[in-house]
Amino acid sequence: MDDSLSFESFYEGAQKAALRAMDDHARREYDEFALHAGVAVEKLAKATLVKMNPLYIASGKVTVVAGQKQFTTHTITMSEALKRLAQVGIGKITPSLQTLIELRNGTIHASGDDAAKDQIPTLATTIAAMLKHLGISVGDFWGRWTSAVNVAVDKQRNEIQRDIEIRIKQARHLFEDRFKGLPQGVKERAISSELHVSTAAFDYVVEIDGKVLPSSIMTPGGPCPSCTADTTLLFSMVDRTADQTQYAPHGITCHVCGLALHGFDEMAALREILGPSNEVYEQLRTEGLRAFFGSDSL
């Protein structure tokens, strides 16, 4: 049998494409992610079928050449491979998987990258079903991306929490990649470099009683949840009365690994991920506003 049609060849191709897809997604190259994710699913589907019976990936056609009939064999398409697996109880073609198939084939295009961006759970679930049949662990297939794909399918977390935790892991891996092959200590120096951010207020609003207070405050933050470098923290006003003004974390940015979270919902999800009593988060909640007001105004 042609080595390119062997289980080993299909499996290695699937793993290489899957890991590249996750790298693409981390770099926000969502078109490339969809392409490589589709290739990964197709190759692993064919690897699974070949393992069962090499004939399961065959698609034959009879042609006539110079009066002689010739039988030429092609491998089946991605869609057909997945259909054949579904027929024997290995996975199923869900609407989200159909979207991934169409993105891979170029029959639909992502609008603002949203269609491709949200396909990590689909990729993880589809791959997991085939790995289970093959008796191969998720960790052996996904390597450093194992925890990220596990998060993607974790129903105990809400959608925002899953997205934030995946982004934290993506920033961490991209950060590590930047320092591959560089002298020892370069990464540590980058993490420890001091971030020169002074507490600043902007977008001033006028209180009813005549007090002038900022709607937003930017301060030095605490350690980045991805790379541990210093961060910049943004607070925004959530409520104000004549007696009290309340602020809440509205964003966090790391100048080293590039992690950036925006909005109250994302910051609330970060708190859930770190834990309500996490010392790092509590530091973010208090020290920034104390620097500006002299007391905790949360």
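1. The expected span of a helix is 1.5 Å times one less than its number of residues. Helix 6, residues 120-134, fits that rule in this predicted model: with 15 residues, helix 6 reaches 21 Å from its first C-alpha to its last, close to the 21 Å expected. Helix 2 can be checked in the same way. Helix 2 has 23 residues, and its end-to-end C-alpha distance of 33 Å is close to the expected 33 Å.

2. Some totals for context. The protein chain contains 12 helices and 7 strands. Of its 298 residues, 41% count as buried. Taking contacts between residues at least 6 apart in sequence, 52% join residues at least 24 apart.

3. On burial in the two helices of point 1: the buried residues of helix 6 are Ile-120, Thr-122, Leu-123, Ala-124, Thr-126, Ile-127, Met-130, Leu-131 and Leu-134. In helix 2, 17 of the 23 residues are buried, so helix 2 is largely enclosed by the rest of the structure. Just after helix 6 comes Gly-135, with a positive phi near 75°.

4. How are helix 2 and helix 6 placed relative to each other? Helix 2 spans residues 30-52, and its axis lies 10 Å from that of helix 6, at an angle of about 15°. Angles under 35 degrees count as roughly parallel, so helix 2 is roughly parallel to helix 6. Their crossing is left-handed. From helix 2, the contact takes in Phe-33, Ala-37, Ala-40, Val-41, Leu-44, Ala-45, Thr-48, Lys-51 and Met-52. From helix 6, the partners are Ile-120, Leu-123, Thr-126, Ile-127, Met-130, Leu-131, His-133 and Leu-134. By class, the residues of this contact are 13 nonpolar, 3 polar and 1 charged. Several of the helix 6 partners are also on the buried list, including Ile-120, Leu-123 and Met-130.

5. Helix 3 (residues 78-87) and helix 4 (residues 95-105) form another pair. Their axes come within 10 Å and cross at roughly 155°. Since angles over 145 degrees count as roughly antiparallel, helix 3 is roughly antiparallel to helix 4. On the helix 3 side the contact involves Met-78, Ser-79 and Leu-82, and on the helix 4 side Leu-97, Ile-101 and Arg-104. The classes are 4 nonpolar, 1 polar and 1 charged.

6. What is the arrangement of helix 9 and helix 11? The axes of helix 9 (residues 159-178) and helix 11 (residues 264-274) come within 9 Å, crossing at roughly 75°. Angles of 65 to 115 degrees count as roughly perpendicular, and the two helices are therefore roughly perpendicular to each other. Helix 9 supplies Ile-160, Gln-161, Asp-163, Ile-164, Glu-165, Arg-167 and Ile-168. Helix 11 supplies Asp-265, Glu-266, Ala-269, Leu-270, Glu-272 and Ile-273. This contact divides into 6 nonpolar, 1 polar and 6 charged residues.

7. Two backbone entries deserve a look. Most residues other than glycine have a negative phi. Arg-28 has a positive phi, near 65°, and is not a glycine. Arg-28 sits in the loop between helix 1 (7-26) and helix 2. Is Arg-28 buried or exposed? Its relative accessibility is 57%, so Arg-28 counts as exposed. Thr-228 is the other entry: its phi is near 75°, again positive in a residue other than glycine. Thr-228 belongs to the loop between strand 4 (212-223) and strand 5.

8. Two strand residues complete the note. Thr-232 is part of strand 5, residues 230-240. With a relative accessibility of 15%, Thr-232 counts as buried, because the cut-off for burial is under 20%. The C-alpha atom of Thr-232 is 4.8 Å from that of Gly-221, which is 11 residues away along the chain. Ala-58 lies in strand 1, residues 58-65. Its relative accessible area of 29% makes Ala-58 partly exposed. From C-alpha to C-alpha, Ala-58 and Lys-46 are 9.9 Å apart, with a sequence separation of 12 residues.

Note on methods:
Residues numbered from 1 in each chain as written. Predicted model: local features only at pLDDT ≥ 70, side-chain atom pairs only at ≥ 80, totals over all residues. Heavy atoms only, no water. Axes fitted to C-alpha atoms, helices over the stretch in contact; angles between N-to-C directions. Helix = DSSP H or I, 4+ residues; strand = E, 2+ residues; numbered from the N terminus. Contact = heavy atoms within 4.5 Å. Nonpolar A, V, L, I, M, F, W, Y, C, P; charged D, E, K, R; others polar. Buried < 20%, exposed > 50% of the residue type's maximum accessible area, 1.4 Å probe, protein only. Left-handed = near helix turned anticlockwise from the far one by under 90°.
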